[in-house]
Every structure is written in C-alpha cells, then in structure tokens.
Amino acid sequence: MKYGRASRAVTLTLPEDVIERLQAIDEDLGRAIVSLAERQAHSRRVGAARLRQPEVAAYGNHAVIVVHPAKPLGRLPGVQLVPIGSGRALISLAPHYSVQQLELDLRDAIDRSDTAASEREALTALAAILRDSRRSRRVTLEERTIIVLESKRSRRKPRPGTTHRPQTVQER
C-alpha cells in the first residue's frame, strides 16, 4: 500500500525537463505524479465535497500515516493533527492515548450519524490502515514521540498590585 490505496511499481521513461518539473512538486517522482493526477481529478469533480484519503508514506523500512484533516478526527480526545504542508497532517497522540484507542474511537466516529459521508470515507480508510497494520505479519506498529511546539499566550497577567504596561521590543 502506498498513497492510501493499492499500488504497484511501474517503470517510466521521461524527458529530463519533465523529471525536473516533477521533482519541483515532490522529490518522490511517484508522489509528484499522483499529486498532479489527483489535482486534475479534483478539478473535474466541480462541487464534489470529497475528502482525500489517508496515505501511507514510506521511507526506507518505516512509514507514517499522512491524513488530510477531517473534523471528526481532530475532535477525538487524544488526537492532535500536526500540519506538514499541502493540506496534509501527521497524527500525534497524547501520551495517555493509544493506537488501539484511536482505532476504537475511529469506529465510533464512523458510526455517528453527524459524520458527513466524505469524512466517514476518510475515517474508514484510516481505520482500515490501522487494522491491516495490526493484523499484518510483515508490519509492526510502533508508537513514536514527535516534538510539538505550542506557543504560549502572548499576554501576561499582571502581578497583583502592579499596573500592566506593554513591553518594548528590546525588553522581549
């Protein structure tokens, strides 16, 4: 599986200038071609509200799941979506939240009546990736930690008995 669905290797012969243009889109030529094909398909579906499917992005012997943010996914209690560009995100789990709990919560979100059809489709695909990984004898599922920087509130509360004055640039 690559790009979130069944895939197969193909051999292409392309002009050098086309390869350069594709690499400007993505260093992975396959990903660049898929991106162009999906953009074209998206432009043909005028007015269609279809959420792009999660994909398994492989690098060496490892892979991560890349999603396109769906509201029900971002609303799950231990899930934080970490943007990586191009409208895509990685799934970050709170320390107390397991992959097994994520899979269970995805199933519940899929069954809820307020989940839109396109979101249900994307959540179902994500749940299938997790299920297939869990059942696979060729893949092990590991939880890893990513570093997420969260900005603090810019305003400080004044200490009791003091008046608040804005900081100058030099004081910051």
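**View 1. Helix 5 lies across three strands of this predicted model.** Helix 5 covers residues 117-135. The strands it lies across are strand 1, strand 2 and strand 4. Helix 5 runs at about 165° to strand 2. Helix 5 also takes part in the linings shown in Views 5 and 6.

**View 2. Four strands form an open sheet.** The strand order is 1-2-4-3, and the pairing is antiparallel. Strand 1 (55-59) and strand 3 are the edge strands. Each of these two pairs on one side only. Neighbouring strands of the sheet are turned by 45° against each other on average, direction ignored. In general, strands of a sheet pair through backbone hydrogen bonds, either parallel or antiparallel.

**View 3. Strand 4 pairs with strand 2 and with strand 3.** Strand 4 spans residues 88-93, and strand 2 spans residues 62-67. These two strands pair in the antiparallel sense over 2 bridges. Across this pairing, Val-67 stands opposite Ala-89 of strand 4. Strand 3 covers residues 79-85. Its antiparallel pairing with strand 4 has 6 bridges. Three of the partners can be followed along strand 3. Val-82 has Leu-90 as its bridge partner. Pro-83 is partnered by Ala-89, the residue that also stands opposite Val-67. Gly-85 has Arg-88 as its bridge partner. Strand 3 and strand 4 form a hairpin with 2 residues between the strands. In this hairpin, Ser-86 takes a positive phi near 55°.

**View 4. Arg-31 sits in helix 2 and touches residues from other parts of the chain.** Helix 2 covers residues 29-44. Is Arg-31 buried or exposed? Arg-31 counts as buried because its relative accessible area is 11%, under the 20% cut-off. Leaving aside residues up to four places away in sequence, Arg-31 touches Lys-2, Tyr-3, Asp-26, Glu-55, Ala-57, Ala-58 and Arg-88. Tyr-3 is 28 residues from Arg-31 along the chain, yet their C-alpha atoms are separated by 7.9 Å. Another contact, Arg-88, is the bridge partner of Gly-85 in View 3.

**View 5. The largest pocket is lined by strands and helices.** About 1500 Å³ of space lies in this pocket. Its lining has 38 residues. Which of them lie nearest the centre of the largest pocket? They are Ala-63, Val-64, Ile-65, Leu-141 and Glu-142. Strand 1, strand 2, strand 3 and strand 4 each supply at least two lining residues. Helix 4 (99-111) and helix 5 each supply at least two as well. By class, the lining has 22 nonpolar, 10 polar and 6 charged residues.

**View 6. The model holds 1 cavity of 30 Å³ or more.** The space in this cavity is about 50 Å³. There are 10 lining residues. Closest to the cavity centre are Pro-54, Val-67, His-68, Leu-73 and Ala-122. One of them, Val-67, stands opposite Ala-89 in View 3. Which helix gives the most to the lining of the largest cavity? Helix 5 does, with 3 residues. The cavity lining divides into 8 nonpolar residues, 1 polar and 1 charged. In general, rolling a probe the size of a water molecule over the atoms shows where empty space is left.

Key
Residues are numbered from 1 along each chain as its sequence is written. This is a predicted model: local features need pLDDT of at least 70, side-chain atom pairs count only at pLDDT 80 or more; totals for chains, interfaces and linings use all residues. Side-chain values use heavy atoms; hydrogens and water are left out. Two strands pair if DSSP finds at least two bridges between them. Axes are lines fitted to C-alpha atoms, for helices over the stretch in contact, and angles run from 0 to 180 degrees between N-to-C directions. Contact means heavy atoms within 4.5 Å. On a 1 Å grid over the protein atoms alone, a cavity is a set of points where a 1.4 Å probe fits but cannot get out, and a pocket is an open set with protein on both sides within 12 Å along at least five of seven lines; lining residues have an atom within 4 Å of a point. Grid points are joined across faces, edges and corners, and a volume is the space filled by probe spheres set on the points. Ala, Val, Leu, Ile, Met, Phe, Trp, Tyr, Cys and Pro count as nonpolar, Asp, Glu, Lys and Arg as charged, and the others, Gly among them, as polar. Buried means under 20% relative accessible area, exposed over 50%, partly exposed in between (1.4 Å probe, protein chains only).
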